[in-house]
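Trainee: I would like a close look at a single part of this model, and then at what lies beyond it. Please keep it brisk.

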Amino acid sequence: MDGFLDDTCGGLTELRVHGVHGTPPQTTLHHPHPWRVAGDGVTGFYRRWWPEGRPAGGDADVPGVRRREAYAWGGLTSGGRALALWLPLLPFSLVNLAYFMLPRPSRGRWLRRLAEAALRLFALLLTGTLVGAVTRASVDLFGWQCTAPGRACTLDGAPAFARWLAETQAGEPSRRLAVAALAPLLVLALLWWLGRRTWRRDEQTVVPPGGGPHSRIPLARPRLWHGAAPVWRLRVVHVSFAAASVGLAVAGPFAATRAGLALTVANAAVQAAAAVLVVLPSIARRLDPHTGAAAPAWLTWSCQGLRVAAALTLAATGCAALAGLGPGTAGRQLPGVGAGALQQALVLGLGLVLLVVVGALAVMDRPRGHDPAERRALGGLGAWVALMLAAGMANVLALGLLFGTADYLGEPGVPAAPEPPAVTLFLDDAIWWRAALVPLLALAALAVAAVLWRARRTGSVRLAKRLAHYYGERNAPAVADVWSCAALTDRAGLVLGVLTGAGVAGVAAATALGQFGLIAPVGGLAGALSSVGSWALVAVGAGLVLVGRRAYRDGRLRRTVGILWDVSTFWPRAVHPLGPPCYAERVVPELVARVGRLARTDHDQVIVSGHSQGSVIAAALVLQLKPELRRRVALLTHGSPLRRLYAAFFPAWFGAEGLAAVRAAVPWHNLYRLSDPIGGPVFRRLDPFAAASHGPASDDPVDRHCWDPRRPVLGEPLPEARRHSDYWLEPSYDVAFDRLVRIKTPA
């Protein structure tokens, strides 16, 4: 190979780990010609290649002495086209986040296990919500209502396939339902394929031994990143439960017949068995890969048996429906659709139980003292809020699909409409009431946005007075506006709490109104809100489809959308196996192995430089290293959300005890800016105004404040604020890096 590339491993290595947005290696290395020296196209380690030969200067790589290396992991979250298929799976990711937000007090273990079992059951019901929405749109709206004699799909202008099915199977509703059930089964097959594909690619890598299998720190346990077996078991349970829900929709209307009743009971039994299995503690238990421990054999056989039973029951239901199950129970809507309202009531009831349990755990886990850095986001109720957000997003997707399907095939209507026209397709009152919540919640969001804007303006005016001494009267307002905007991140928990509370109260009211039929959402203000909400939900669904199509074709948009997965899929699939995969289960083991190769002797040193989400990965990496390897490693983080977001929302993993363990393991410096909306100090915030006048005012050796924007030279304009980016270009970065260097290297 022409040019120059350092492919040695000894000496000093600066190992850079990028943050969100799939930062390319050339940006991370600050070099136009990156060259992959290890890994593959999905995740790889890159170094600088000089095509014109060996360079000179103190920044250049020197074989066997010093080098710069970048680890690129963005291909796991923003590289593949399958990313476009992940967008509807965001509710599943939020459920997994909720598990890691659970408080873990030293006492009350049985209460935590109850919360974890309830979380897994909630996740199962969430799968039922989304798959049930597809089933209802296809089996009820299309197979039962639209293709019935004299209904919308028999009229001129209906889709050709729908007219053919309506005309050829007018007297065989079970055959229509069997054909219509293909749509939810295809969606279920896609979920299974995505889950299995990502499981085999990302969750089979084992962390090298030696990190700390018996550590009191949860983040230091290798089993956290070893989820192959439990994710497989959970996937079997969820797919079986969803398949049985499709079978119930097909067989339920014919329960008056002997065959229909038997199939209905069989599908219900599969769902009941799945619900029993999912609450067992051992179903999701992760085991240390280096102890030789294995899950109970009966558990594996139970999952295998459930999978076979679900497949046989579904096949029998389909065959019997195609053979003909009779006319079925008469009705405008598919008999049994009330089960959807029952499931919604179960979700709300389970949410209430979790509110009580999580609240009790939060009280038991309340930190001692009044240190602001130890405050829990949302008072420790972050797990419950994440669950409610997941349920809310799932309902938005489900309602958008139902209204969109009804609008495409005919016209959506309420069940109480007298002598409806043939084009009307009926949706429950509860669905219309939930649609009426959409414009109300939009108004609430606008009100919260107005309050935040006001808070930003007030904070900006207050900051400008203090910044005038450093930036001057002319520049201080602009800098203060940037800093006050960045500070709004600290109010994220309050905003989420207010909107979630309003949404939960509204859904509870809508469910009660729909279940008891107190008021019909027709006419007046209720009818107007329902109509506006239905159109808004259709627009959301259409927008999601358009974004997905564009993301499939446009790599830049995939990287932008991938930010969602960069943040949410750091955590393993602990309770929901069908969400997007956890990239850390591959990233952390690869980094552990790479650091072990780069720092083989006491004459070698690796300084892990993590930006933004990369700092979170780096902290997890440090705690997985062998004790003798930690002595050869140092940590430099910048733009880090470790304290600001992760310690606040995930205190059991990144709280005071976890961060103190990282600090005790390796030398550590952390750079932050007050203009950064994401990063911040890890231990103690430096007072920049005191430091500007009297020098550094922090007694903590880890955190280092960086002024941003830089103070302008007299007569020059104010430089642009860097906010969350380009920490590698800060002069203070080089200073902090040099302080971490332990071994001597030639100049």
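Which helices do the buried residues of α6 pack against?

Mentor: Bear in mind that this model is predicted. The buried residues of α6 pack against five named partners: α4 (109-146), α5 (160-168), α7 (182-202), α8 (228-251) and α10 (297-323). Helix α6 itself spans residues 173-180. Six of its eight residues are buried, so the helix is largely enclosed by the rest of the structure. Those six are Pro-173, Ser-174, Arg-176, Leu-177, Ala-178 and Ala-180. Note that an arginine, Arg-176, is on the buried list.

Now take a helix pair for contrast in kind. Helix α18 covers residues 584-598, and helix α19 covers residues 613-622. Their axes lie 10 Å apart, at an angle of about 65 degrees. The crossing of α18 past α19 is right-handed. From α18, the contact uses Val-587, Val-588, Leu-591, Val-592 and Val-595. From α19 come Ile-617, Ala-620 and Leu-621. By class, that contact has eight nonpolar residues, with no polar and no charged ones.

Helix α18 also supplies a residue for a charge–ring contact, since the numbering of α18 runs over 584-598. The charged end of Arg-594 sits over the ring of Phe-45, 5.2 Å from the ring centre. A second case pairs Arg-663 with Phe-683. There the charged end is 4.5 Å from the centre of the ring.

Next, the rings. The structure holds 24 aromatic pairs. One of them joins Trp-35 and Trp-49. This pair is tilted, with 5.5 Å centre to centre and 55 degrees between the planes. Trp-35 belongs to strand β3 (residues 34-39) and Trp-49 to strand β4 (residues 44-50), so the pair ties together parts 14 residues apart in sequence. The partners differ in burial. Trp-35 is partly exposed, at a relative accessible area of 36%. Trp-49 counts as buried, at 19% relative accessibility; the cut-off for buried is under 20%.

Another pair is edge-to-face: Trp-571 and Phe-654, at 5.9 Å centre to centre and 70 degrees between the planes. This pair links distant parts of the chain, 83 residues apart. Trp-571 is in the loop between α17 (555-568) and α18, while Phe-654 is in helix α22 (residues 651-654). Trp-571 is buried, with a relative accessible area of 2%. Phe-654 is buried too, at 1% relative accessibility. Both rings belong to a cluster linked by ring pairs. Its other members are Trp-73, Tyr-99, Phe-100, Trp-225, Phe-570, Tyr-583, Tyr-646, Phe-650 and Trp-653.

Finish with backbone geometry. A cis peptide bond joins Asp-708 and Pro-709, with omega about 0 degrees. Pro-709 is found in the loop between β11 (703-705) and α25 (731-740). That loop also holds Arg-723 and Asp-726. Arg-723 has a positive phi of about 55 degrees, although it is not a glycine. Asp-726 is not a glycine either, and its phi is positive at about 60 degrees. Arg-723 counts as partly exposed, at 37% relative accessibility. Asp-726 is partly exposed as well, with a relative accessible area of 38%.

Conventions. Residues are numbered from 1 along each chain as its sequence is written. This is a predicted model: local features need pLDDT of at least 70, side-chain atom pairs count only at pLDDT 80 or more; totals for chains, interfaces and linings use all residues. Side-chain values use heavy atoms; hydrogens and water are left out. Axes are lines fitted to C-alpha atoms, for helices over the stretch in contact, and angles run from 0 to 180 degrees between N-to-C directions. Helices (H or I, at least four residues) and strands (E, at least two) are DSSP runs, numbered from the N terminus. A crossing is left-handed if the near helix is turned anticlockwise from the far one by less than a right angle, and right-handed if clockwise. Contact means heavy atoms within 4.5 Å. Ala, Val, Leu, Ile, Met, Phe, Trp, Tyr, Cys and Pro count as nonpolar, Asp, Glu, Lys and Arg as charged, and the others, Gly among them, as polar. Buried means under 20% relative accessible area, exposed over 50%, partly exposed in between (1.4 Å probe, protein chains only). Rings of Phe, Tyr and Trp (its six-membered ring) pair if their centres lie within 6.5 Å; planes under 30 degrees apart count as stacked, over 60 as edge-to-face and the rest as tilted. A charge sits over a ring if NZ of Lys or CZ of Arg is within 6 Å of the ring centre and within 35 degrees of the ring normal.
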